[in-house]
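Student: Can we go through this model together? I'd like to see the reasoning behind each label.

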Amino acid sequence: MRSSGRNSNRNHRGAGNSRDDRQKRAGRPRPEERRYDAGSGGRPDKPGRPGGPGKSAKPGGAKGQDRRQGQGQEGRQGQGPGGASRGGPKAGAGTGGPKGPKAGPRQGGKSGARGRSVPARPREYEAQIEERNRARHAKPALKLPKTFGEAEGERLQKVLARAGMGSRRACEELIDQRRVEVNGEIVVEQGLRVDPEKDEIKVDGLTIATQSYLFFALNKPAGVVSSMEDPEGRQCLGDYVTNRETRLFHVGRLDTETEGLILLTNHGELAHRLTHPRYGVAKSYLAAIQGPIPRDLGKRLKDGVKLEDGYARADHFKVVENTGKNYLVEVTLHEGRKHIVRRMLAEAGFPVDKLVRTRFGPIALGDQKSGWLRRLTNTEVGMLMREVDL
């Protein structure tokens with residue numbers, strides 16, 4: 001039994017040695033002796049491929065070179081060290097074979113890419129290439145018809161609704177009733193676009209406040225200074241509008257001890273015209289005086305009373321209330337000189353105990369409480385603008 005095992009081992013070793021001998025005679029190295037070149041274009045263990053040491057590599061190459069050098073030259077040149085072989089005509093670059101021109105560039109390209117580094121292109125050139133590609137693939141801007149563009153201005157019914165004339169549906173009904181004018185022309189169709197900053201819009205003949213203007217009426221108490229700021233720290237008109245984002249200013253003045261209606265706005269042109277003598281905006285006052293008063297007092301005030309700075313004339317005078325010697329009279333005039341009402345009555349012989357302004361043009365004080373601030377309605381603003389031809 002032992003002898004049979006030894007014979008089998010010997011036979012196995014002999015068979016392996018004979019296979020190695022056959023590989024040597026066939027020109028193929030053993031697996032552990034194979035060497036792979038980094039620049040070869042194919043697998044060296046396959047016969048007949050470019051760069052492979054298969055059947056094309058024969059032992060007995062050039063003298064003085066070992067097998068490793070022969071295999072390295074064979075991988076670089078594509079033929080056996082001893083000259084042409086069976087694999088040579090297929091892989092040789094200069095043999096003129098049918099596949100030679102095709103295999104040569106392919107093998108050379110791979111070996112060149114691996115063997116030597118390609119210089120990088122400068123960044124400027126890369127940027128130019130990128131710009132060309134973007135320009136080539138960029139889509140031109142679409143030219144939309146005018147109907148798809150954004151129309152200028154706002155719809156008239158929207159402007160009217162924002163001005164407080166009602167809902168949009170109610171404003172559309174105003175347009176259908178032909179009660180709305182734009183720049184002096186009656187609007188007869190829906191969807192008209194207007195510019196609130198430039199166009200003049202009227203409803204029933206009254207201009208509406210479509211711009212970002214503010215209009216307020218304040219019942220100024222006695223002791224409040226008619227200024228937006230007071231350097232002495234006294235209570236002033238600015239204390240009533242401190243929470244407003246837009247800067248407001250007062251229209252005209254009232255004496256510190258005079259109460260009543262005073263307007264606040266940020267519409268400069270309107271404020272200028274309301275106080276200019278050319279437009280003659282009337283203002284009414286209630287004055288408390290001591291009597292008895294003569295019957296011709298009103299006539300004397302209308303004819304004119306001579307003051308230090310010229311004559312002052314009242315437009316209207318009437319007695320509102322009489323209780324014993326206490327008289328409450330109403331004086332209306334369009335002038336706006338300092339202390340004009342107090343000076344006129346004092347010159348006539350009746351000093352004023354208390355003075356309240358009850359009307360400024362078409363705006364009446366009404367039952368507004370002292371110290372209260374209210375926003376003017378669009379109708380009131382329209383009447384003010386019509387008063388001064390705006």
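Student: What comes right after helix 7, and what is the sign of its phi?
Tutor: Helix 7 is followed by R178, with a positive phi near 60 degrees. Bear in mind that this is a predicted model. Helix 11 is followed by D389, whose phi is also positive and near 60 degrees.

Student: Which residues of helix 7 are called buried?
Tutor: C171, L174 and I175, within the run 168–176. The label means that each has under 20% relative accessible area.

Student: Why do we say that the buried residues of helix 7 line one face?
Tutor: Look down the helix axis: the buried residues of helix 7 fall within an arc of 100 degrees, so they line one face. The face turned away from that buried side carries R169 and D176, which are exposed.

Student: What do the buried residues of helix 7 pack against?
Tutor: Helix 6 (156–162), strand 2 (180–182) and strand 5 (201–203). The cut-off for a contact is heavy atoms within 4.5 Å.

Student: What makes K283 count as lying over the face of F360?
Tutor: K283 is at 5.3 Å from the ring centre of F360. The limit is 6 Å, together with an angle within 35 degrees of the ring normal. K283 therefore counts as sitting over the ring.

Student: How many aromatic pairs are there?
Tutor: Zero, with the rule that ring centres must lie within 6.5 Å.

Student: And how much of the whole protein is buried?
Tutor: Of its 390 residues, 34% count as buried.

Conventions:
Residues are numbered from 1 along each chain as its sequence is written. This is a predicted model: local features need pLDDT of at least 70, side-chain atom pairs count only at pLDDT 80 or more; totals for chains, interfaces and linings use all residues. Side-chain values use heavy atoms; hydrogens and water are left out. Helices (H or I, at least four residues) and strands (E, at least two) are DSSP runs, numbered from the N terminus. Buried means under 20% relative accessible area, exposed over 50%, partly exposed in between (1.4 Å probe, protein chains only). The arc is that of the directions from the helix axis to the C-beta atoms. Rings of Phe, Tyr and Trp (its six-membered ring) pair if their centres lie within 6.5 Å; planes under 30 degrees apart count as stacked, over 60 as edge-to-face and the rest as tilted.
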